[in-house]
Amino acid sequence: MNILITGCRGQLGSEIQQLQKERTHTHVFYNTDREELDITSPDAIEAFVGTHKIDLIINCAAYTAVDKAESDQENANRLNHLAPAYLAEAMNRHGGSLIHISTDYVFDGKAYLPYREDAPTAPTTVYGKTKLQGEEAAKKLCTKTMIIRTAWLYSIHGNNFVKTMLRLGRERTQLGVVADQIGSPTNASDLAEAIWTIIEKGIVPGTYHYTNEGVASWFDLAAAIHRIGGITTCTLSPLRTEEYPVPAPRPHYSVLDKRKLKDTYAITIPWWEDSLKKCIDQLSLNA
């Protein structure tokens, strides 16, 4: 297949590029970011897809600055809503498939059991609302669309919670971390592996969830980061959400039910602490 990756320099895109180097395959990958392809331009997408005879687009691009999106709605909408629509339209015209990466923020975070794919959506932020609009547009405009919602993503690439906690843990003697928001930390390399399996086994259209196994609060995650990272000079204190005000409200519960993806593709998903250790070990090797 000829496969177009958008957002190739982000956390997930970078991990998919790494697999391209490590795996034996016959696919032709076109790794693009905003410099190579403006996915907010239907004409640019159509020209790229037509020229390179693209069979599959994996859309890893997104406006992910959750707080900034509250005051930058136009740009969040262009990247999270309109761009997936344009990508879907192009794939539908050319008979191709689309894998679109989405988020737990499409839910309101008020549940107490893991969200299934068909659970009612009720986003409370601009980020969540635009991501949901992108999902809906992609599914409507391309029959071969696969939505993968994920949450609490981190990796050895870019800026993320794991890197921040390691840095602050070495710089400070005390840190407060929110303890009443629950989710599943997810190593982007594991999601990339799952997507690779999907590519090899074939796209089954629909909406799916993927995170690492297990649940934690942000406080639990920070404590694990410091323990695995060997940080002993920083004391962590649990905070309530209201003690850490931000422009965009965070969901209190972001746990996603992953049975559909596991059953469809017969994949085993790693436990979050095992994957966290893998990431921190890699960061130590690269330091």
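The following legends describe four close-up views of a predicted model.

**View 1. The open sheet and its strand order.** Six strands form an open sheet in the order β2-β1-β3-β4-β5-β10, and their pairing is parallel. The edges are occupied by β2 (28-31) and β10 (206-209), each of which has a single partner strand, so one side of each is left without a neighbour in the sheet. Averaged over the sheet and with direction ignored, neighbouring strands are turned by 20° against each other. Within this arrangement, β4 (residues 97-103) and β5 (residues 145-150) run parallel and are joined by 6 bridges, and I101 has I148 in β5 as its bridge partner.

**View 2. Helices packed on the sheet.** Helix α4 (residues 73-94) packs on the sheet, where α4 touches β3 (56-59) and β4, and its direction makes about 160° with that of β4. Helix α5 (residues 126-141) lies across β4, β5 and β10, and likewise runs at about 160° to β4.

**View 3. Helix α7 and the second largest pocket.** Helix α7 (residues 188-201) consists of 14 residues and reaches 20 Å from its first C-alpha to its last, close to the 20 Å expected at 1.5 Å a residue. The helix is mostly covered, with 10 of its 14 residues buried; among them are L191, I195, W196, I198 and I199. After α7 comes G202, whose phi is positive, near 110°. The second largest pocket has a volume of about 200 Å³, and its lining includes S189, A192 and E193, together with H157, K278 and Q282. At least two residues of this lining come from each of α1 (11-22), α7 and α10 (272-286), and α1 gives the most, with 4 residues. S189 and A192 are listed among the buried residues of α7 and also line the second largest pocket.

**View 4. Helix α8 and its surroundings.** The 12 residues of helix α8 (residues 218-229) should span 16 Å at 1.5 Å a residue, which agrees with the 16 Å between its end C-alpha atoms. The buried residues of this helix are W218, F219, L221, A222, A224, I225 and H226. An α-helix has 3.6 residues a turn, so residues three or four places apart point the same way. The buried residues of α8 are covered by elements including α6 (161-171), β7 (174-178), β11 (216-217), β12 (235-239) and α10. Just after α8, G230 takes a positive phi of about 75°.

Key: Residues numbered from 1 in each chain as written. Predicted model: local features only at pLDDT ≥ 70, side-chain atom pairs only at ≥ 80, totals over all residues. Heavy atoms only, no water. Pairing = 2+ DSSP bridges. Axes fitted to C-alpha atoms, helices over the stretch in contact; angles between N-to-C directions. Contact = heavy atoms within 4.5 Å. Expected span 1.5 Å × (residues − 1). Buried < 20%, exposed > 50% of the residue type's maximum accessible area, 1.4 Å probe, protein only. 1 Å grid on protein atoms, 1.4 Å probe; cavity = no way out; pocket = protein on both sides within 12 Å on 5 of 7 lines; lining within 4 Å. Points joined across faces, edges and corners; volume = space filled by probe spheres on them.
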